[in-house]
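Visitor: Could you walk me through this one, and tell me how each label is earned?
Guide: Gladly; let us look at it together.
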Amino acid sequence: MDAVMESSDAESESAPPGFQCLCPPPPLPEMGQVVCGTCRELNSYPRGARRVRCSCCQTINVVLEDHQTGNVKCGGCTVLLMYPYGAPSIKCSLCHFVTEIGVQNERPPLSVQQGQPPPIDNPTH
C-alpha cells in the first residue's frame, strides 16, 4: 500500500504531459582555482570568495585577485611563482629557495597604472 501511495505522490509532483518550463536554468557560478599553500592540492571555489578551505588538508587559503598579485621566476628552480604585491621576497614551495622581489617585479604606483590624468582646462571668462 505504501508503494501505491509513493507512486501517486510522485505523479502529482511531476508536470502535466506536454508542459514545458520556459524559465531559464539558474546560472552556474563562475569558478576559480587556487593551489593550497600547504599540500599543493588544486581547489575550485566560486569567484568572489576571499578564503578557500583545502579539500585535502583543511588549510584555509587566502584568495588574491589578479590585480593584487605579481609573478616572478624562482631563483633556484625557475618555476613561476605568484606573490602578493608589497612582498619583499617569496619562498618557493618546491625547492625552498627565497627569491627577492626586485624593482623590476614591484607593482608600479597607481598613478602609473591608470595613466596620466588629462590636463584640466581652466577657461577664463
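Visitor: What share of the contacts with a separation of 6 or more joins residues 24 or more positions apart?
Guide: In the protein chain that share is 9%, a contact being heavy atoms within 4.5 Å. A word on the source: this is a predicted model, where local features need pLDDT of at least 70 and side-chain atom pairs pLDDT 80 or more, while totals for chains, interfaces and linings use all residues. Numbering runs from 1 along each chain as its sequence is written, and side-chain values use heavy atoms, without hydrogens and water.

Visitor: Why is Asn43 called buried?
Guide: Buried means under 20% relative accessible area, with a 1.4 Å probe and protein chains only. Asn43 has 4% relative accessibility, so Asn43 counts as buried. Of the 125 residues in the chain, 17% count as buried.

Visitor: Which residues does Asn43 touch, leaving out those up to four places away in sequence?
Guide: Among them are Gly32, Val34, Cys36, Val52 and Cys54. Asn43 itself sits in strand β2, residues 42-46; a strand here is a DSSP run of E, at least two residues long.

Visitor: What makes the side chain of Asn43 a polar partner for the backbone oxygen of Glu41?
Guide: A polar contact needs a pair of N or O atoms within 3.5 Å, and within protein one must be able to donate a hydrogen and the other to accept it; residues adjacent in sequence count only if both atoms are side-chain atoms. Asn43's side chain reaches that oxygen of Glu41 at 3.1 Å.

Visitor: How many helices and strands does the chain have?
Guide: Two helices and eight strands, in the order α-β-β-β-β-β-β-β-β-α; a helix is a DSSP run of H or I, at least four residues.

Notes: Buried < 20%, exposed > 50% of the residue type's maximum accessible area, 1.4 Å probe, protein only.
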